[in-house]
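Subject: Structure for you, with notes on its pockets and ligand

Hello,

Here is the structure I promised to pass on. My notes on the pockets and the ligand follow below it.

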Amino acid sequence: MYERRPPPRAAVARRPVGAITRGTTNHNRLRRVDRWFLATYGGVLRAGSDPLVVDVGYGASPVTTVELFERLRVARPDVRVVGLEIDQARVDAALPYQRDGLRFARGGFELPLPGRRSPLLVRAFNVLRQYPESEVAPTWRMLCDRLAPGGLLVEGTCDELGRLACWVTLDAAGPRTLTMAARLASLSSPAALAERLPKALIHRNVPGERINAWFADAERAWALSAPEGVFGRRQRWTATIGRLASRWPVLDRADRWRQGEVTIAWEAVG
Ligand SMILES: C[S@@+](CC[C@H](N)C(=O)[O-])C[C@H]1O[C@@H](n2cnc3c(N)ncnc32)[C@H](O)[C@@H]1O
């Protein structure tokens, strides 16, 4: 659980917090997380009085920020999305994509927003993965301290095409859930998701750790669900999560499982 701290004003005036890393990105790479957010937390976006959303670290091309904007504005037409990049050249490359409601600026984890406004949602995807594990907790805290009341941070990792993705959802009090999502048509088994764990967990997938127990149990449940596989991978995945739900704090329901997702309470693995 986090204690709320004042934002790091002194740092804001100096230079962005963080370091330039590889800018790899792709069209629709973050479609799974965006759709999940709208299905699960669309109400937060619709209810917020100031629908401000920040995408931190959008990469060499702003494509996933543009897509986020287009998806969110269907649910909330007056949404404002700000894409932040620590690399000025990537900001310059994004400026032609600006339009009403969509802005790009240079900035880091201190989230330098005009008027020091607080975002309802911060998405940080494939950013912390390139940092040392020791920087995860302080960065989470810095980002969560900036959230608007009821706001959320979604921090995660995925493969280049977004077919395997894992993300942690946090609120002002700290991490709440871990979501794993896969394109089921190409999923070999749940263990494939382990390669895309967020930085906070990737080095902990070793015997004795809870995240490792989750994947071991998921592999067993996947094997037991092989008979359902004759109807397709979707049925096999749904049966697998159904089995796991009797032993793990699975928080979502079959409608999300059918999308190739599962969300579990952070306490179970964190
Ligand atoms: C691998 S790209 C991810 C692009 C996109 N989010 C995606 O998932 O496809 C990571 C980007 O994060 C940027 N970055 C790293 N640390 C940052 C920070 N502290 N603040 C803002 N951007 C950062 C890097 O410069 C890089 O362009």
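The lining of the largest pocket is mixed: 13 nonpolar, 13 polar and eleven charged residues. Please keep in mind that this is a predicted model. In total, 37 residues line the largest pocket. Nearest its centre are Arg22, Phe125, Asn126, Val127 and Gln130. Four strands each give two or more residues to this lining: strand 1 (52–56), strand 2 (80–85), strand 4 (121–125) and strand 5 (152–158). The space in the largest pocket comes to about 500 Å³.

Where does the ligand sit? The space that the ligand takes is the largest pocket.

The ligand has 26 residues around it. Those that come nearest are Thr25, Glu85, Arg90, Asn126 and Tyr131. By class, this shell divides into eleven nonpolar, eleven polar and four charged residues. Asn126 turns up twice: it is among the residues nearest the centre of the largest pocket, and it is among those nearest the ligand.

Now the contacts, atom by atom.

- Asparagine 126: an N or O atom in its side chain is 2.8 Å from an oxygen atom of the ligand.
- Alanine 19: a polar backbone atom here lies 3.1 Å from a nitrogen atom of the ligand.
- Threonine 21: a polar backbone atom here lies 3.4 Å from an oxygen atom of the ligand.

How much of the ligand does the protein bury? On its own, the ligand exposes 610 Å². The protein buries 99% of that area.

There is also a second largest pocket, with a volume of about 290 Å³. It is lined by 18 residues. Arg31, Arg32, Arg35, Ala182 and Gln259 lie nearest its centre. Two elements give two or more residues to this lining, namely helix 2 (31–47) and strand 7 (174–182). Which of the elements gives the most to the lining? That is helix 2, with three residues. By class, the lining of the second largest pocket has nine charged, five nonpolar and four polar residues.

If you open the model, start with the ligand and Asn126, where the side chain is 2.8 Å from a ligand oxygen. Then go to helix 2 for the second largest pocket, since you will find three of its lining residues there.

Best wishes

Technical notes: Residues numbered from 1 in each chain as written. Predicted model: local features only at pLDDT ≥ 70, side-chain atom pairs only at ≥ 80, totals over all residues. Heavy atoms only, no water. 1 Å grid on protein atoms, 1.4 Å probe; cavity = no way out; pocket = protein on both sides within 12 Å on 5 of 7 lines; lining within 4 Å. Points joined across faces, edges and corners; volume = space filled by probe spheres on them. Nonpolar A, V, L, I, M, F, W, Y, C, P; charged D, E, K, R; others polar. Near = heavy atom within 4 Å. Polar contact = N/O pair within 3.5 Å; in protein donor to acceptor, adjacent residues only side chain to side chain. Areas by Shrake-Rupley, 256 points an atom, 1.4 Å probe, with all protein chains shown as cover. Sits in = over half its atoms within 2 Å of the grid points.
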